[in-house]
Amino acid sequence: SDGFVLGKCGKLVGEAMSKYGDLARSCGHAQWFLQQTLREHDQSMDHPWMKMIYAQKFAIKQYAAWLAMNHAIFSALEKRAEAQELCVIHDPKLLRTSALEEDLRQLLGAEWRQEAEGMLEDSVATKKYVQDLEADVAAQPLLLVAHHFLQYNAVLSGGAYLGEMVSQKLCVPHGAPGVKFYAFEGVAKQKGPARVQRYLRDLDSMDIPEDTLQPLLTTMKRIYADTEDMMTECFDLNPVVGLAYADARSEQQASGPPALIAEADQCELSLEELHEFTGNNGGRILLSLAGELLDVSCGRDIYGPDCGYSLLAGRDATRCLATMSLDPVHLDDLAWTPETEGDREALSQWQEKLKAKYPVAGRLRAGQVMEESRKPQTDEGLRQRAVPSAAAEAAAGATDSQKCPISGKEGMGCPMSFMGIGVGKQAEASQPNDAPAAKAKAKSKSGFMAGKSLIAAVEKPKNSGESFLYKMCPVHWDDNTMKMILVVAAVSWMSGFFVGYRLRASL
């Protein structure tokens, strides 16, 4: 009755997430922790040891040492898997110790345990991590959550790509011995993010005392530092220059900013039009972030169909990224604005990170939902489409002054204009008072979509005052009308042929 319900293990769980003061009204534990450790996360992803894995330049014994380190950590963590502090978030399917042992046996042979122990004897960073874990539990048992949160979600999310690189290096399929560490029961390949989202919801349901939030965050930052020390030890075993994470994911061999899309080739789309750019059939992939459209097509293995983050393709991802959420209900929330300093900082970091990797392709026209969404024939054709420039239109007008009273096209030699039909409309549209507006409009008709939507570019203006002769002019028939007339003509010809044949036969 006080806003609490019984959660798992009979523990009181806050329905309204009444922690963090004002922050609590807009987010939960998971979002806050992720926002506060975003820089540490990105730094660990670009560690030289991770770069070696991305580039598949690691030695087998070197990688085995990394698995041995993780085996020591997960063994220590999973001895406490049944702890009361973890009952809300832990799932037996997350356990990694058994999978790590199979991988080590595959890489090191039957005597893997002795060899792994020898590797750990030389690892100061691993010993420190295990000692810190034990000290955390002794001092404040709830700090166990920090270790559980970071370790399992690291393997579920970022580990999916690492597993792919290791699979390619070892020439074994996903989940085979040697790469079992990255395969979870019940989690299909590339579906780790969905399981992460479920974990985050479970964490949000926990009632974490306010005075333990900062100690948990401090512990998480120390875990990142200890993990980087372990990475450094692995790298130093056989140092080789690798690829940056962004370069590896986009299959580029040198770092640098993305190739810019010319302003004339940028587009302005409504939200409904954006939904078409999901990469289906090898097409273009766009997503919207803070009103800007980013072309993430080179990240097809991330955002493409059936990939880990495909739910962001063709959508406005502003709220999802700023709040570190993969909940579909947070997509396309154009009314949302950052509610906390954490939201603003996270959004700024995502903008900096994604725009350093993917080019800006235009802007999202917010607040407008088209009545009908018409998909272009091909995304590539849409990319190349350009509206004639003002200079081209002026040149066309110089060669032929005839102007269609319906479509407004010049140089067509429209018979209706000779008959005087629609001249009034034409004259009215060309009055001197409208010249500046017309000139500005002509000037804007250049570049990709000319700042207009797909619908506006192909939609015909409706004129309820059109005469019968207006509508009968073949020059103005659209594609649908032409198709309909051709079909009627074909059916009429076939019917006439059939009837004539039958009459001739009967005579």
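With which residue does Asp-226 form a salt bridge? The partner is Arg-222, and the closest N and O atoms of the two residues are 3.6 Å apart. This briefing describes a predicted model, in which the protein has 24 helices and six strands. Buried residues make up 44% of the 507 residues in the protein, and among contacts between residues at least 6 apart in sequence, 73% join residues at least 24 apart.

**Salt bridges**

- The protein has a count of 21 salt bridges, and the points below take up some of the residues concerned, beginning with the pair named in the opening question.
- Asp-226 and Arg-222 both belong to helix α11, which covers residues 213-237, and they stand four residues apart, about one turn of the helix.
- The two partners differ in their exposure class: Asp-226 is buried, because its relative accessible area of 3% falls under 20%, whereas Arg-222 is partly exposed, with a relative accessible area of 23%.
- Another pair within one helix is formed by Arg-344 and Glu-341, whose side chains meet in a salt bridge with an N to O distance of 3.4 Å; both residues lie in helix α16, three residues apart, about one turn of the helix.
- Arg-344 is partly exposed at a relative accessible area of 40%, while Glu-341, at 53%, is exposed.
- Elsewhere, salt bridges that share partners join Lys-128, Asp-132, Asp-136, Arg-222 and Asp-226 into one network, so the pair from the opening question is part of this network.
- A salt bridge also forms between Arg-39 and Glu-345, with the closest N and O atoms 3.0 Å apart; this pair links distant parts of the chain, since Arg-39 is in helix α2 (residues 38-45) and Glu-345 is in helix α16 (residues 341-355), 306 residues apart.
- Of these two residues, Arg-39 is exposed, with a relative accessible area of 51%, and Glu-345 counts as partly exposed at 33% relative accessibility.
- As general background, side chains of opposite charge can pair when their charged atoms come close.

**Helices α2 and α11**

- The axes of α2 and α11 come within 10 Å and cross at roughly 10°, and the two helices are therefore roughly parallel to each other, because angles under 35 degrees count as such.
- On the α2 side the contact is made by Glu-40, His-41, Gln-43 and Ser-44, and on the α11 side by Lys-221, Tyr-224, Glu-228 and Met-231.
- Sorted by class, this contact of α2 with α11 has two nonpolar, three polar and three charged residues.

**Two buried residues and their surroundings**

- Gln-151 lies in helix α8, which covers residues 144-156, and counts as buried because its relative accessibility is 9%.
- The side chains of Gln-151 and Tyr-129 are joined by a polar contact of 2.9 Å.
- Leaving aside residues up to four places away in sequence, Gln-151 touches Ile-73, Phe-74, Leu-77, Tyr-129, Ile-223 and Thr-227.
- Phe-184 lies in the loop between α9 (158-170) and α10 (192-204), and with 8% relative accessibility Phe-184 also counts as buried.
- Although Phe-184 and Lys-93 are 91 residues apart in sequence, they are 6.7 Å apart in space, C-alpha to C-alpha.
- Leaving aside residues up to four places away in sequence, Phe-184 touches Lys-93, Leu-94, Arg-96, Val-155 and Leu-156.

**Backbone angles in two loops**

- Most residues other than glycine have a negative phi, and the following two residues have a positive value instead.
- Gln-56 has a phi near 60° and lies in the loop between α3 (48-54) and α4 (60-78), where Gln-56 is partly exposed, with a relative accessible area of 22%.
- Asp-332 likewise has a phi near 60° and lies in the loop between α15 (318-322) and α16; Asp-332 is buried, because its relative accessible area of 16% is under 20%.

Conventions: Residues are numbered from 1 along each chain as its sequence is written. This is a predicted model: local features need pLDDT of at least 70, side-chain atom pairs count only at pLDDT 80 or more; totals for chains, interfaces and linings use all residues. Side-chain values use heavy atoms; hydrogens and water are left out. A salt bridge is a side-chain nitrogen of Lys or Arg within 4 Å of a carboxyl oxygen of Asp or Glu. Buried means under 20% relative accessible area, exposed over 50%, partly exposed in between (1.4 Å probe, protein chains only). A polar contact is a pair of N or O atoms within 3.5 Å; within protein, one must be able to donate a hydrogen and the other to accept it, and residues adjacent in sequence count only if both atoms are side-chain atoms. Contact means heavy atoms within 4.5 Å. Axes are lines fitted to C-alpha atoms, for helices over the stretch in contact, and angles run from 0 to 180 degrees between N-to-C directions. Angles under 35 degrees count as roughly parallel, over 145 as roughly antiparallel, 65 to 115 as roughly perpendicular and the rest as oblique. Ala, Val, Leu, Ile, Met, Phe, Trp, Tyr, Cys and Pro count as nonpolar, Asp, Glu, Lys and Arg as charged, and the others, Gly among them, as polar.
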